[in-house]
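Here's a new model to get to know. Have a look around it, and then we'll go through some questions together.

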Amino acid sequence: MILLGILASARNLVPLVVDYLVVAGGAGGGTNGGGGGAGGYRTSAGTSGGGASAESVLTLETGANYSVSIGGGGAGGATAGVSSGTDGTASVLSSISSTGGGGGGGGVDSSTTYIAGRNGGSGGGGAAYFGNGAKGDGTAEQGRDGGAGVDSVPYMSGGGGGSSVAGANGGTVSNTGGAGGAGTSSAITGTAVTRAGGGGGGTNNIDGTRFGGAGGTGGGGAGVTSGTGTNGTINTGSGAGGGGGGAGGPRNQGGNGGSGILIIKYPDGYTITIGAGLTGTTPAAAGGFKVTTITAGTDDVSFA
């Protein structure tokens with residue numbers, strides 16, 4: 001009986017090779033500041049973040065539970081005081097963890113204070129107000145650096161880094177906040193989709209001739225000249241745009257970063273069980289594979 005039990009357990013632990021795309025939550029934009037950085041981007045099915053080669057596939061076992069968590073987007077910098085955007089949170093599949101995006105730096109009117117962009121999966125853009133705010137750094141093989149804030153013309157913050165291209169410095173295009181860096185395309189689902197773009201930097205539009213930086217392709221939110229920065233797109237891990245200073249320099253908060261996503265591709269002879277704490281879908285198999293997309297929550301998955 002003991003031997004039969006061991007054999008039965010062994011049959012439930014069949015090696016299963018899966019491809020994955022794990023994108024963390026994007027960061028919030030800064031108050032009067034820099035664009036938020038995109039969430040870290042890791043995949044075994046194509047180009048990873050920072051232009052890195054595909055990572056190794058995951059070998060899992062049937063009958064075992066594997067932890068999954070989908071990272072949320074970071075909040076934009078608050079209107080009170082000098083505030084950077086909040087970092088995005090990590091997304092996880094078993095041993096694969098992608099780092100949340102770095103928050104955009106914050107600046108404040110009638111002050112010489114400004115905050116550098118934060119480090120993350122991709123780095124946040126630096127704020128600038130009577131000074132040059134430093135960029136945040138991206139994580140190797142997950143994303144790119146943010147752009148610096150530049151005060152050669154007052155108050156043009158840097159764009160947040162995207163998963164494939166760094167955020168631009170403020171003023172790279174005349175009188176404009178830095179553009180968010182571009183995201184990375186993946187066809188793991190069978191259709192190419194670009195995700196994890198950086199947020200554009202905000203500006204202080206004191207004379208009506210300045211413009212917020214464009215959001216990076218892949219869902220990055222645009223920076224603005226007045227008002228709240230544009231949110232990153234949900235389930236892309238994109239960064240948000242930085243808030244703008246407006247004609248009189250009021251404090252305006254950054255947008256909120258986009259939530260992350262997890263995609264798993266595996267042979268169609270297997271069935272996935274998604275824990276109740278997760279939100280996910282598995283369309284009909286195609287080409288010998290199933291593809292499961294998980295968009296929110298924290299729980300376990302298992303295969304049979």
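## A first look around

Q: Is Ser83 buried or exposed?
A: Let's go by relative accessible area: under 20% is buried, over 50% is exposed and anything in between is partly exposed (1.4 Å probe, protein chains only). Ser83 comes in at 17% relative accessibility, so it counts as buried.

Q: From which number are residues counted along each chain?
A: This is a predicted model, where local features need pLDDT of at least 70, side-chain atom pairs count only at pLDDT 80 or more, and totals for chains, interfaces and linings use all residues; side-chain values use heavy atoms, leaving out hydrogens and water. Following each chain as its sequence is written, residues are numbered from 1.

Q: How many strands does the protein have?
A: Helices (H or I, at least four residues) and strands (E, at least two) are DSSP runs, numbered from the N terminus. On that basis the protein has 1 helix, and its strands number 14.

Q: What share of the 304 residues is buried?
A: First, the outside: the protein exposes about 10900 Å², with 55% of that from carbon and sulfur atoms. Those areas come from the Shrake-Rupley method with a 1.4 Å probe, and for residues only the protein chains shown count as cover. Of the 304 residues, the buried share is 53%.

Q: Which residue is 171 positions from Ser83 in sequence but 9.2 Å away in space?
A: Ser83 sits in the loop between β4 and β5. Setting aside neighbours within four places in sequence, Ser83 is in contact (heavy atoms within 4.5 Å) with Gly30, Thr31, Gly77, Ala78, Gly106 and Ile115. The residue 171 positions away, with its C-alpha 9.2 Å from that of Ser83, is Gly254.

Q: Is Ser95 buried or exposed?
A: Ser95 lies in the loop between β5 (91-93) and β6 (96-98). Ser95 and Tyr66 are 29 residues apart in sequence, with 8.9 Å between their C-alpha atoms. With 55% relative accessibility, Ser95 counts as exposed.

Q: Which strand has 5 bridges with β1?
A: Two strands pair if DSSP finds at least two bridges between them. In one such bridge, Leu21 has Ile263 as its partner. Strand β1 (residues 15-23) runs antiparallel to its 5-bridge partner, β11.

Q: Why is β11 largely enclosed by the rest of the structure?
A: There's a strand pairing to mention: β11 and β14 run antiparallel and are joined by 6 bridges, with Pro267 opposite Phe289 in β14. β11 is largely enclosed because of its 7 residues, the number buried is 5.

Q: Which element gives the most residues to the largest nonpolar core?
A: A nonpolar core is a set of buried Ala, Val, Leu, Ile, Met, Phe, Trp, Tyr and Cys residues joined through side-chain atoms within 4.5 Å. The largest one has 21 residues, and Val68, Leu93, Leu262, Ile264, Tyr266, Val301 and Phe303 touch the most other members. Two or more residues each come from β1, β3 (58-61), β4 (66-69), β11 and β14. With 4 residues, the element giving the most is β1.

Q: How many residues make up the other core, the one with Val23 and Ile188?
A: Leu262, not counting residues up to four places away in sequence, touches Leu21, Val22, Val68, Ile70, Val92, Leu93, Thr292, Thr293 and Ile294. Apart from the largest core lies another, with Val23, Ile188, Ile263 and Val291 among its members, and its residue count is 9.

Q: What is the angle between the planes of Tyr266 and Phe303?
A: Rings of Phe, Tyr and Trp (its six-membered ring) pair if their centres lie within 6.5 Å; planes under 30 degrees apart are stacked, over 60 edge-to-face, and the rest tilted. That rule gives 1 aromatic pair. Tyr266 and Phe303 form this edge-to-face pair, 5.2 Å centre to centre, with a plane angle of 75°.

Q: In which strand does Phe303 lie?
A: Tyr266 and Phe303 are both buried. Tyr266 is in β11 (residues 261-267), and 37 residues separate it from Phe303, which lies in strand β14 (residues 289-303).

Q: What is the phi of Glu141, roughly?
A: Glu141 is in the loop between β6 and β7 (184-186), and at 53% relative accessibility it counts as exposed. Although Glu141 is not a glycine, its phi is positive, at about 65°.
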